[in-house]
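Reader: I'm new to this structure and get lost when I try to take in everything at once. Please pick one part, stay with it for a while, and tell me what sits there and what touches what.

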Amino acid sequence: MKCCRRKNQTWSRLLRMREKKPIDLSRLATREPPQVYKELVAALVRAGALKEAVVSRKGLPFKLTNPVDVLTNTKISAKPYARVLVEHGARIAAAGHGSYLDGVLRALAERGITEATDFLLSLWDVRPPLSEGTLWLAGEALATINDKSADLRIIDLCRRHSGRSLKMLLRTLARRRRPEGFQVLIEKLADPELVGHAINALWKYGDPAALPHIERISTVPGTYAHREKAKALEKLRDGP
């Protein structure tokens, strides 16, 4: 409750500044970033990344003074800086500063940045484990990059791990239509955090062999899983 109250107070303060100069987000930071993150920022600047930009959010102008924030909040491509993001992202993860990875992962979520694939796949094996939210961003980045050469490794990743961080990757399994991926999707029906997304992926996969597995799933009316189950039964029974 206190956290929500602080957020509301922050937005109220920002709204009162609507007509003033762009708000410098760096001044809202509550802690000093670790040295490994500062090294990433410096490396991006040396590589020619734009250091500053002004963007609009809810009618408010925000000044970005960090190249990572610029890459994640504008349409500027991260491809020229992929190597820097991967190298320093790995150092940030190894140093145990997982929360500072989020901006890196959002920047890498761009179709075709295949040089980031190995780094992204390795994040599920970082110890101590990264947060589910950070791993979800890694999964989203992998799904967006769409590296077909990594199909079998993504299937193996989904088989070995569980939880909501895999949600976006289940869509990748459906898109690829590999038999190994189909079996993993069937297995994920037993994961309460993934059941709805597994059902969604199975009807998009389109194999009626999934029907008896989906029919056995008990869902609660009004939930995402319940809606997806109804849709899956309709589509798979009707056939292609």
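Author: Let's start at P128, which you'll find in the loop between helix 6 (117–122) and helix 7. What is the peptide bond from R127 to P128 like? It is cis, with omega near -5°.

Before we walk on, a word on how to read all this. This is a predicted model, in which local features need pLDDT of at least 70 and side-chain atom pairs count only at pLDDT 80 or more, while totals for chains, interfaces and linings use all residues. Residues are numbered from 1 along each chain as its sequence is written, and side-chain values use heavy atoms, with hydrogens and water left out.

The chain has 13 helices and three strands (DSSP runs of at least four residues of H or I for helices and at least two of E for strands, numbered from the N terminus). Out of 240 residues, 45% are buried (buried is under 20% relative accessible area, exposed is over 50%, and partly exposed is in between, using a 1.4 Å probe and protein chains only). If you take the contacts between residues at least 6 apart in sequence, 64% of them join residues at least 24 apart (a contact is heavy atoms within 4.5 Å).

Now follow the chain out of the P128 loop and into helix 7, which covers residues 132–145 and holds A138. With a relative accessible area of 0%, A138 is buried. What does A138 touch, once you skip residues up to four places away in sequence? The list is L105, L120, L123 and W124. Take W124 from that list: A138 is 14 residues from W124 in sequence, and their C-alpha atoms are 8.9 Å apart.

L123 is worth a second look, as A93 touches it too, along with L101 and V126, again leaving out residues up to four places away in sequence. A93 belongs to helix 4 and is buried as well, at 6% relative accessibility. From A93 to P129 you count 36 residues along the chain, yet the C-alpha atoms of the two are separated by 9.7 Å.

While we're in helix 4, here is what it packs on. Helix 4 (residues 82–94) and helix 2 (residues 35–46) run at an angle of about 175°, with axes 9 Å apart (axes are lines fitted to C-alpha atoms over the stretch in contact, and angles run from 0 to 180 degrees between N-to-C directions). On the helix 2 side you have V36, Y37, E39, L40, A43 and L44, which meet V84, L85, H88, R91 and I92 in helix 4. That contact divides into eight nonpolar residues, one polar and two charged (Ala, Val, Leu, Ile, Met, Phe, Trp, Tyr, Cys and Pro count as nonpolar, Asp, Glu, Lys and Arg as charged, and the others, Gly among them, as polar).

Back to helix 7, then on into the loop between helix 7 and helix 8, where N146 lies. N146 isn't a glycine, but its phi is positive, near 65°. At 14% relative accessibility, N146 counts as buried. Among the residues it meets is R176, which touches N146, D147, K148 and D151, not counting residues up to four places away in sequence. R176 has its place in helix 9, and at 18% relative accessibility R176 counts as buried.

D151 takes us into helix 8 (residues 151–160). At 7% relative accessible area, D151 is buried. Setting aside its neighbours within four places in sequence, D151 is in contact with R176 and R178. Sitting in the loop between helix 9 and helix 10 is R177, which has a positive phi of about 60° although it is not a glycine. Buried or exposed, or partly exposed, for R177? Partly exposed, at 46% relative accessibility.

That loop brings us to our last two helix pairs. Helix 9 (residues 167–176) and helix 10 (residues 179–187) have axes that come within 8 Å and cross at roughly 140°. L170, L173 and A174 of helix 9 meet G181, V184 and L185 of helix 10, a set of five nonpolar, one polar and no charged residues.

Helix 10 also packs with helix 11 (residues 195–205), at about 145° and with the axes 9 Å apart. Here P179, F182, L185 and I186 of helix 10 make the contact with A198, A201, L202 and Y205 of helix 11. The split this time is eight nonpolar, no polar and no charged. So that you can keep L185 in mind: it appears in the contact with helix 9 and in the one with helix 11.
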